[in-house]
Amino acid sequence: MNIQSTFNCLCTFVTYFCALMKKIQLQHPIFHKVQQAAENLQLESFVVGGFVRDQLLGRESKDIDFVCVGSGIDLAHEVARLISPKLKVNFFKTYGTAQFVWDGWELEFVGARKESYQEHSRNPIVENGSLTDDQNRRDFTINALAAAVNKGNFGQIIDPFQGLKDLDNGVIRTPLDPDITFSDDPLRMLRAIRFATQLNFHIEEKTLQAIQRNAKRIEIISQERITTELNKIILAASPSIGFKLLDETGLLAYIFPEMTALKGVEYVNKQGHKDNFYHTLQVLDNLAANTDNLWLRWAAILHDIGKPKSKRFEENNGWTFHGHEVIGERMAKQIFKKLKLPLNQELKYVQKLVRMHLRPIPIARDEISDSAIRRLLFDAGDDIDDLMLLCEADITSKNEAKVKRILQNFRIVRIKLKEIEEKDRIRNFEPPISGELIMETFQLNPCREVGMIKNQIKDAILDGEIANNFEEAKALMLKLGIEMGMKTK
Ligand code: CTP
C-alpha cells in the first residue's frame with residue numbers, strides 16, 4: 001500500500017469515526033473565522049446542507065452554506081472583516097442572505113428561517129426561526145444535516161431527521177410529509193431524482209409516491225431551473241437511472257414529452273421493433289462511460305428522437321425509420337429552444353451528430369473504401385472522434401458476437417480514418433481552388449457554373465481521382481471549364 005492510499009484510508013476512517021461520534025471534521029480555515037465571528041456577535045452558527053452531506057460522503061463541494069440564529073448578513077460582514085477589510089460582501093436585505101467568495105469557495109450566510117409557501121405562488125412567507133425551523137424547510141433528510149461551528153460544540157452534527165442513517169442506507173427522503181415539501185418547491189421532485197442518480201441512492205417509497213401525485217406541479221417551475229437539474233442528471237455516471245425515475249414518476253411527460261414518445265413497441269404481423277426509449281438510455285449510459293461532454297451526451301439522447309415520427313411498417317422490409325436522422329436534427333432545435341439550452345455552437349454540434357449518426361455504419365459493414373472514409377472525414381471535420389464514440393455507443397444488440405464484430409469493424413474504421421487523415425488532411429479541408437480564381441480564370445461573374453466546377457474539384461479530391469494540391473486541382477479546373485465551353489483570358 002503506498003503513502004497516498006494509506007492516507008486516503010486514514011481519511012475515510014476518520015470521516016467514518018467522526019460520523020459515528022456525530023461529529024464532522026471542519027478543517028478549512030473558514031470555519032475558524034466563522035467560529036470567531038459568531039463568538040464576537042454572540043450568534044449560534046452552523047454549517048448546513050450540501051457541504052455537510054458531501055463531506056460525510058467524501059465528495060468534493062464548491063460552496064458552503066452557513067445558518068445562524070440571528071442576522072446572516074451581520075455574520076457575513078463580521079467573517080469578511082476578520083478575513084480582510086477589503087473583502088466585498090453581496091447581500092440581499094429582502095431575503096436576509098449574504099454571499100462572498102474566498103479562496104475559491106462560494107460562501108453563503110443566512111439567518112435561520114421559517115418558510116411557508118402558498119398554493120399558486122412561488123413567493124414564500126418568510127419569518128425568523130430556530131435552527132430546527134430551518135432544517136424543517138429543507139428538501140431531504142440528507143440535506144437537512146447541520147454541524148455547529150460555535151466554540152463549545154465545534155463540528156457537532158445536528159440531525160433531527162435521521163439524515164445520517166439515510167446517508168448510510170442510500171435513501172432520499174423528505175424531512176416532513178413529502179406533499180408539503182414538494183408543494184413548497186416542486187423543483188425538489190426533480191432534485192430527488194437528480195440526487196438518486198448522482199449518488200446512486202434510492203427514493204423512499206412515500207417520497208416517490210408523492211412525486212407521482214404532485215408531478216403536474218412541475219409546470220409552475222421556471223424552465224431554467226428544470227433544465228439545470230436535467231443537465232445534472234445527464235452528467236451523472238449512469239444517467240439512465242434518472243430518466244427511468246423521471247418516466248416512472250410521470251415527470252418526463254411534463255418536462256420532455258418527446259422522450260416519452262420513444263417508449264413502447266408496436267407489432268404488425270407479429271413483428272416488433274426495439275423500444276427506442278430503453279435503447280436510447282442504453283446508448284446514453286454506454287457513452288457516459290467514455291465522455292463527460294454534456295453536448296455529446298445530449299446527442300445520444302436525441303439521436304433517435306425522430307423515430308416515432310418516421311416509423312412505417314413495410315411489407316417487405318418490416319419496421320423502417322427512414323429519414324429519422326433528418327427529422328431528429330430539426331427536432332433538436334425545437335427541443336433546445338423549449339428547454340432553453342444554448343442555440344449557438346452547442347446546438348449546431350448536437351444537430352450535426354444527430355444528422356450523421358448513421359454515416360459510419362455502412363462504412364463499418366462493407367469493404368471500406370478510401371473515398372467513403374474521406375467523405376466521412378470531410379463532413380464530420382473535427383467532430384469525427386465524437387461521432388465515432390456515439391456510433392460505438394449505439395451498438396446495443398444483446399447478441400454479444402454481433403457487438404464484438406461491429407466494434408471490431410469500427411476499430412478498423414478508426415485506423416483507416418487516422419491513416420487517411422495523415423495522408424490527405426481532409427478534416428479541415430479547404431478546396432485548393434477558390435470561386436474567385438475560377439471566375440478570374442474564365443472571366444465569369446458569380447454563376448451556377450462556378451459552384452459546379454468547385455464541387456467537381458472537391459468530389460475528385462474526396463474520391464481520390466486527384467491529389468489534394470493546387471497543381472492537380474488547377475489542371476482539373478481548366479479541363480472542366482473547357483469541357484463546358486468556357487474560354488480562359
Ligand atoms: N435546498 C432546499 N430546496 C431546494 C434547494 C435547496 O431545501 N429546492 C436546500 C438543501 O438543504 C440544500 C441547500 O439548500 O442542501 C443548498 O442547495 P444547493 O446549493 O442548490 O444544493 P446542494 O444540496 O448544495 O447540492 P448541489 O451543490 O449538488 O446542487
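**A ligand and its surroundings in a predicted model**

A polar side-chain atom of Arg191 is placed 3.2 Å from an oxygen atom of the ligand. I begin with that contact, and I ask you to keep in mind throughout that the model before us is predicted.

Two further contacts belong beside it. In Arg194, a polar side-chain atom is found 2.9 Å from an oxygen atom of the ligand. With Asp139 the backbone is involved: one of its N or O atoms lies 2.8 Å from a ligand oxygen atom. How much of the ligand does the protein cover? On its own the ligand has 560 Å² of accessible area, and the protein covers 76% of that.

Which elements give two or more residues to the shell around the ligand? They are helix H3 (50-57), strand E2 (63-68) and helix H8 (187-199). Of the elements, H8 contributes the most, namely 4 residues. In total, 14 residues surround the ligand, and the closest are Arg53, Arg138, Asp139, Asp185 and Arg194. As to their character, 10 residues of the shell are charged, 3 are polar and 1 is nonpolar. The shell is also shared between parts of the chain: domain 1 (3-169) and domain 2 (171-255) each supply at least three of its residues.

Let us now turn to a residue that touches several of the names already mentioned. Asn143 is located in the loop that runs between helix H5 (131-136) and strand E8 (146-148). Is Asn143 buried or exposed? Its relative accessibility is 4%, and therefore Asn143 counts as buried, since the cut-off for that word is under 20%. Setting aside residues up to four places away in sequence, Asn143 touches Gly49, Arg53, Arg138, Arg191 and Phe195. Please note that Arg191 is in that list, the residue with which I opened, whose side chain has a polar atom 3.2 Å from a ligand oxygen atom. Arg53 and Arg138, also touched by Asn143, are among the closest residues to the ligand. A distance of another kind concerns Met484: its C-alpha atom and that of Asn143 are separated by 75 Å, with the two positions 341 residues apart along the chain.

I return to helix H8, and to two residues within it. Thr197 is part of this helix, and so is Gln198. How does each stand with respect to the surface? Thr197 has a relative accessible area of 4% and is buried. Gln198, at 29% relative accessibility, counts as partly exposed, because that term covers values between 20% and 50%.

Their contacts can be read in turn. Beyond residues up to four places away in sequence, Thr197 touches Ile233, Ala236, Ser238, Pro239, Ile241 and Gly242. Its C-alpha atom is 8.2 Å from that of Ser240, although 43 residues separate the two along the chain. Gln198, under the same exclusion, touches Arg59, Lys232 and Ala236. The C-alpha atoms of Gln198 and Ala237 are 7.0 Å apart, and these residues are 39 places from each other along the chain. Ala236 thus appears among the contacts of Thr197 and among those of Gln198.

My next topic is the backbone. Most residues other than glycine have a negative phi. Against that background, Gln162 has a positive phi, near 60°. Where does Gln162 lie? It is in the loop between strand E9 (157-158) and helix H6 (163-169), and with a relative accessible area of 44% it is partly exposed. A second case is Gln443, where phi is positive at about 50°. Gln443 is in the loop joining helix H23 (435-442) to helix H24 (448-462). At 57% relative accessible area, Gln443 is exposed, because the cut-off for that term is over 50%.

Finally, I present two residues from other parts of the chain. Thr291 occupies the loop between helix H14 (276-288) and helix H15 (294-302), and at 12% relative accessibility it counts as buried. What does the side chain of Thr291 reach? It reaches the backbone nitrogen of Asn293, at 2.9 Å. Apart from residues up to four places away in sequence, Thr291 touches Leu296 and Arg297.

Lys333 belongs to helix H17, residues 324-338, and is partly exposed at 42% relative accessibility. Leaving aside neighbours within four places in sequence, Lys333 is in contact with Leu343, Leu347 and Gln351. The C-alpha atoms of Lys333 and Val350 are separated by 9.2 Å, the two residues being 17 apart along the chain.

Thank you for your attention.

Note on methods
Residues are numbered from 1 along each chain as its sequence is written. This is a predicted model: local features need pLDDT of at least 70, side-chain atom pairs count only at pLDDT 80 or more; totals for chains, interfaces and linings use all residues. Side-chain values use heavy atoms; hydrogens and water are left out. A residue is near a molecule or strand if one of its heavy atoms lies within 4 Å of it. A polar contact is a pair of N or O atoms within 3.5 Å; within protein, one must be able to donate a hydrogen and the other to accept it, and residues adjacent in sequence count only if both atoms are side-chain atoms. Accessible areas come from the Shrake-Rupley method with a 1.4 Å probe; for residues, only the protein chains shown count as cover. Ala, Val, Leu, Ile, Met, Phe, Trp, Tyr, Cys and Pro count as nonpolar, Asp, Glu, Lys and Arg as charged, and the others, Gly among them, as polar. Domain bounds come from an automatic or database domain assignment. Buried means under 20% relative accessible area, exposed over 50%, partly exposed in between (1.4 Å probe, protein chains only). Contact means heavy atoms within 4.5 Å.
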